[in-house]
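Reader: I would like to learn how to read a helix in a model like this one. Where should I begin?

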Amino acid sequence: GIEQLQGFTIYTTKRSNDLRKEYMEYSYKMDRYGLVTDEVDPVSEDHLLDATRYIISYLIRYLGITT
């Protein structure tokens, strides 16, 4: 899902500092060797990113929009 978000340019308004903060702090878990995994770090708060990801998934699936 996050790969889909990375394929788009997302514009925000001045009032969306929370979304910007979530995006900047979003992180994946690291394995014991220090390599990034596919699992999201549970400490990451991503409520607004989840909503954005759902919208983009809808646009891709039902409207045929591509990156």
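**Reading one helix and its two sides**

Author: Begin with one side of the last helix: His47, Tyr54, Ile55, Tyr62 and Leu63 are exposed on the other side of α3 from its buried residues. Keep in mind that this is a predicted model.

Reader: How should I treat the confidence values, and what is the average pLDDT of the chain?

Author: Where pLDDT is low, the coordinates of a prediction should not be read in detail. Here the chain averages a pLDDT of 75, and 75% of the residues score at least 70. Among the elements, helix α1 (residues 2-6) has the lowest mean, 70, and helix α3 (residues 47-63) has the highest, 82.

Reader: Which elements does the chain have, and in what pattern?

Author: There are three helices and two strands. Along the sequence they follow the pattern α-α-β-β-α. Of the 67 residues in the chain, 19% are buried.

Reader: How many residues does α3 have, and what span is expected for them?

Author: α3 has 17 residues. From its first C-alpha to its last it reaches 24 Å, close to the 24 Å expected at 1.5 Å a residue.

Reader: Which residues of α3 are buried?

Author: The general idea comes before the list. An α-helix has 3.6 residues a turn, so residues three or four places apart point the same way. In α3 the buried residues are Leu49, Asp50, Thr52, Ile56 and Ser57. These residues lie on the same side of α3 because they cover an arc of only 165° around the axis.

Reader: Is Tyr54 buried or exposed?

Author: The cut-off for exposed is over 50% relative accessible area. Tyr54, in helix α3, has a relative accessible area of 55%, so Tyr54 is exposed. Its C-alpha atom is separated by 9.8 Å from that of Leu5, and the two residues are 49 apart along the chain.

Reader: Why does Leu63 count as exposed?

Author: Leu63 also belongs to helix α3. Leu63 counts as exposed because its relative accessibility is 51%.

Reader: Which residues make the nonpolar surface patch?

Author: Tyr58, Tyr62, Leu63 and Ile65 make the patch, which covers about 430 Å². Two of the residues named at the start come back here: Tyr62 and Leu63 are exposed and contribute to this patch.

Reader: What follows α3?

Author: Look at the backbone angle there. Gly64 follows α3, and its phi is positive, near 70°.

Definitions and conventions: Residues are numbered from 1 along each chain as its sequence is written. This is a predicted model: local features need pLDDT of at least 70, side-chain atom pairs count only at pLDDT 80 or more; totals for chains, interfaces and linings use all residues. Side-chain values use heavy atoms; hydrogens and water are left out. pLDDT is the predictor's confidence in each residue, from 0 to 100. Helices (H or I, at least four residues) and strands (E, at least two) are DSSP runs, numbered from the N terminus. The expected span of a helix is 1.5 Å times one less than its number of residues. Buried means under 20% relative accessible area, exposed over 50%, partly exposed in between (1.4 Å probe, protein chains only). The arc is that of the directions from the helix axis to the C-beta atoms. Patches are made of residues with over 30% relative accessible area and no salt bridge: like charges are joined within 9 Å, nonpolar side chains (Val, Leu, Ile, Met, Phe, Trp, Tyr) within 5 Å. Accessible areas come from the Shrake-Rupley method with a 1.4 Å probe; for residues, only the protein chains shown count as cover. A salt bridge is a side-chain nitrogen of Lys or Arg within 4 Å of a carboxyl oxygen of Asp or Glu.
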